[in-house]
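Trainee: I would like to go through this model and ask what stands behind each label.
Mentor: Go ahead, one label at a time.

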Amino acid sequence: MQHGPAVRRRKLGAELRALRTSAGLTSGEAARLVGWHQSKVSRIETGTSGVKPADVRLLLDAYGVADSQLRELLTVLAGSDDSDGRHHWWHAYRGVLPPTYRDFISLESQAGAMRTLETTVVPGLLQTPEYARAVTRAAVEGLPEDRLDTLVEVRLARQDVLRADPPLELSAVLDEAVLRREVGGPGVMARQLERLVEAAWLPQVRLQVLPFAAGAHIGVTGPFVIFSFSSTSDLDVVVLDHLTSSLYLERKEDLQAYTEAFNALQIHALSPEDSLDFIAGTAAGA
């Protein structure tokens with residue numbers, strides 16, 4: 001288990017090494033093409049040192065990589081600026097957001113799909129402003145009002161990935177407790193349930209409810225997120241949230257275990273159609 005930045009360096013290095021090999025180049029030949037020492041290429045490929053986005057673009061040019069989506073993804077994994085040299089929006093909040101959260105947002109912004117099990121609260125991408133405020137206030141006691149406003153602003157800005165072109169494909173399994181836990185009071189919760197019903201109709205969103213009647217299930221160990229990338233499955237990653245940090249799992253066996261767990265949860269959960277009825281019924285009784 002690694003923290004996000006280390007995972008990103010290793011994944012980026014592994015992908016660059018694979019692209020170099022596909023181009024039929026040795027590390028020494030690649031280094032000569034871009035005017036570097038061979039040791040720099042080796043350090044990048046092993047993830048022992050970071051690499052600037054501009055350097056990634058040099059290597060991709062040398063390897064003849066024309067896939068714009070793959071180029072953009074690898075550039076984002078390298079650091080703070082995109083292929084046009086502009087900072088991503090979340091860097092404006094560098095002084096407020098911890099590095100692990102910024103790293104999570106960067107992965108979320110570039111992923112093609114996100115699968116998540118939520119056992120306590122509504123997924124951040126589907127929260128209303130009032131719900132987000134109540135959850136954030138409860139999670140961080142004594143938070144100054146201006147900083148609370150900023151964190152809620154960030155939470156809402158993240159939701160733009162569902163309106164992007166193409167949008168992030170979100171598959172979420174929600175434990176019934178998510179719907180029953182009254183966050184922010186009856187009015188806030190009623191609106192949040194309405195928001196879930198609205199989201200369930202979006203073609204890029206698949207919501208399923210895991211009712212209490214399903215009994216014990218593999219998700220009782222806690223929530224998790226699986227990010228998948230359309231350009232290459234080698235960059236897929238599992239994220240586990242903890243109180244003070246996030247952990248990223250990148251090994252193939254970990255990815256397989258969590259993917260199988262999520263598939264099992266989807267089987268035991270209500271269908272999307274029945275889940276929509278369940279959420280609407282919960283909202284009506286709220």
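Trainee: Why is Asn263 called partly exposed?
Mentor: This is a predicted model, and the computed relative accessibility of Asn263 is 36%. Buried means under 20% and exposed means over 50%. Asn263 at 36% fits neither class, so it counts as partly exposed.

Trainee: Where does Asn263 lie?
Mentor: Asn263 is part of helix α11, residues 252-268. Its C-alpha atom is 24 Å from that of Pro166, and 97 residues separate the two along the chain.

Trainee: Pro166 brings up the second largest pocket. Which residues are closest to its centre?
Mentor: The pocket holds about 590 Å³ of space. Its lining has 27 residues, and Ser109, Gln110, Ala111, Ala164 and Pro166 are the closest to the centre. Two or more lining residues come from each of α5 (68-78), α6 (99-110) and α8 (145-158).

Trainee: How do the lining residues of that pocket divide?
Mentor: There are 12 nonpolar, 9 polar and 6 charged residues in the lining.

Trainee: Now the sheet. What makes β3 and β6 the edge strands?
Mentor: The open sheet has 6 strands in the order β3-β2-β1-β4-β5-β6, with mixed pairing. Both β3 (205-210) and β6 (246-249) pair on one side only. From one strand to the next, the twist averages 15°.

Trainee: How do you know that β4 pairs with β1 and with β5, and in which sense?
Mentor: A pair needs at least two bridges. Strand β1 (residues 113-118) and β4 (residues 224-228) have 5 bridges, in the antiparallel sense. Between β4 and β5 (residues 237-241) there are 3 bridges, also antiparallel. Both counts meet the cut-off, so both count as pairs.

Trainee: Which residues of β4 are the bridge partners of Arg115 and Met114?
Mentor: Arg115 has Ile226 as its partner, and Met114 has Phe227. On the β5 side, Phe227 stands opposite Val237.

Trainee: Why is β4 described as mostly covered?
Mentor: Of its 5 residues, 5 are buried, and buried means under 20% relative accessible area.

Trainee: Which way do the residues of β4 point?
Mentor: Phe224, Ile226 and Ser228 point one way, while Val225 and Phe227 point the other way. In a regular strand, side chains alternate between the two faces of the sheet. In β4 the residues pointing either way are all buried.

Conventions:
Residues are numbered from 1 along each chain as its sequence is written. This is a predicted model: local features need pLDDT of at least 70, side-chain atom pairs count only at pLDDT 80 or more; totals for chains, interfaces and linings use all residues. Side-chain values use heavy atoms; hydrogens and water are left out. Helices (H or I, at least four residues) and strands (E, at least two) are DSSP runs, numbered from the N terminus. Axes are lines fitted to C-alpha atoms, for helices over the stretch in contact, and angles run from 0 to 180 degrees between N-to-C directions. On a 1 Å grid over the protein atoms alone, a cavity is a set of points where a 1.4 Å probe fits but cannot get out, and a pocket is an open set with protein on both sides within 12 Å along at least five of seven lines; lining residues have an atom within 4 Å of a point. Grid points are joined across faces, edges and corners, and a volume is the space filled by probe spheres set on the points. Ala, Val, Leu, Ile, Met, Phe, Trp, Tyr, Cys and Pro count as nonpolar, Asp, Glu, Lys and Arg as charged, and the others, Gly among them, as polar. Buried means under 20% relative accessible area, exposed over 50%, partly exposed in between (1.4 Å probe, protein chains only).
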